[in-house]
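Reader: Hi, I have just opened this one and have not looked at it before. Could you walk me through it?

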Amino acid sequence: MKYDGGYSKPRIYFTGVGGQGTLTATRLLALAAMDAGFAVVGGEVHGMAQRGGVVESALLVGSWRSPRIDLGEADIILGFEPLETLRGMPYLAPGGCVFSSTDPLPPLGVSLGECEYPDMEHIKEEIKKSARLSFFLPCREFGRQAGAIQAGNTALLGALCASGLLPFDTKALADAINRHLPQKIRKSNLVALDLGAGAIASCVA
């Protein structure tokens with residue numbers, strides 16, 4: 001499946017919370033791009049090692065000289081937590097695309113009853129106002145189906161690679177999983193990749 005308006009040099013902004021594996025997902029996609037023959041630059045924008053803190057990273061595929069993504073420059077946002085996806089929307093470029101998990105991890109203020117977590121439909125509608133394309137996936141459930149909840153992040157990467165928005169596809173991601181991940185978690189991540197890719201196909205069926 002291909003979408004018109006794919007990116008030859010995509011700028012991807014990742015956001016999530018500590019403990020979700022946001023930086024690991026960034027690294028895996030970077031390895032997939034490099035193994036497919038593309039130059040990449042990337043790094044952590046800012047974040048907290050503490051579990052639950054906001055973590056943001058960037059990956060630029062192509063002949064970019066700096067890993068920095070400023071506000072309004074990201075072609076694609078990958079959000080591993082829906083509220084953080086919404087909070088990251090100022091980084092999205094006009095006509096950009098969003099892929100987000102639908103699994104909330106409420107911040108401390110919500111857990112303490114000091115504030116309320118936004119309704120998921122509100123989050124989706126706000127994101128759709130700014131995004132050319134937006135996809136929302138139950139990544140935690142996909143991880144469970146794959147045999148490891150942590151593999152849910154790979155479902156989101158699989159959805160992105162299957163969308164036709166990148167200059168490489170799901171085969172490059174599968175090859176990177178087989179080449180770079182420990183053998184004991186390869187199967188679950190490959191299953192999660194297929195689930196994410198299948199979800200994108202069903203979204204446009």
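Author: What follows is a short talk through confidence, the nonpolar cores, one pair of helices and two buried polar residues.

Reader: Before that, what sort of model is this, and how are residues numbered?

Author: This is a predicted model, in which local features need pLDDT of at least 70 and side-chain atom pairs count only at pLDDT 80 or more, while totals for chains, interfaces and linings use all residues. Residues are numbered from 1 along each chain as its sequence is written, and side-chain values use heavy atoms, with hydrogens and water left out.

Reader: Okay, and what is the average pLDDT?

Author: The protein averages 90, where pLDDT is the predictor's confidence in each residue, from 0 to 100, and 91% of the residues score at least 70. Among the elements, helix α3 (residues 108–111) has the lowest mean, 67, and helix α7 (residues 170–180) the highest, 98; helices (H or I, at least four residues) and strands (E, at least two) are DSSP runs, numbered from the N terminus.

Reader: Which residues have the most contacts inside the largest nonpolar core?

Author: They are L29 and F99, in a core of 42 residues. Such a core is a set of buried Ala, Val, Leu, Ile, Met, Phe, Trp, Tyr and Cys residues joined through side-chain atoms within 4.5 Å. Apart from it lies another core, of 17 residues, with L83, L92, V98 and A131 among them.

Reader: Is L29 buried or exposed?

Author: L29, in helix α1, counts as buried because its relative accessibility is 0%; buried means under 20% relative accessible area, exposed over 50%, and partly exposed in between (1.4 Å probe, protein chains only). Leaving out residues up to four places away in sequence, L29 touches I12, F14, L59, L157, L160, C161, L166 and F168, contact meaning heavy atoms within 4.5 Å.

Reader: And where do α1 and α6 meet?

Author: The contact is made by T22, A25, L28 and L29 of α1 and by N153, T154, L157, L160 and C161 of α6.

Reader: Changing topic, what does the side chain of S57 make a polar contact with?

Author: The partner is the side chain of T26, at 2.7 Å, a polar contact being a pair of N or O atoms within 3.5 Å, where within protein one must be able to donate a hydrogen and the other to accept it, and residues adjacent in sequence count only if both atoms are side-chain atoms. S57 is found in strand β3 (residues 54–61) and is buried, with a relative accessible area of 1%.

Reader: What about T85, buried or exposed?

Author: T85 is buried, with a relative accessible area of 0%, and lies in helix α2 (residues 82–87).
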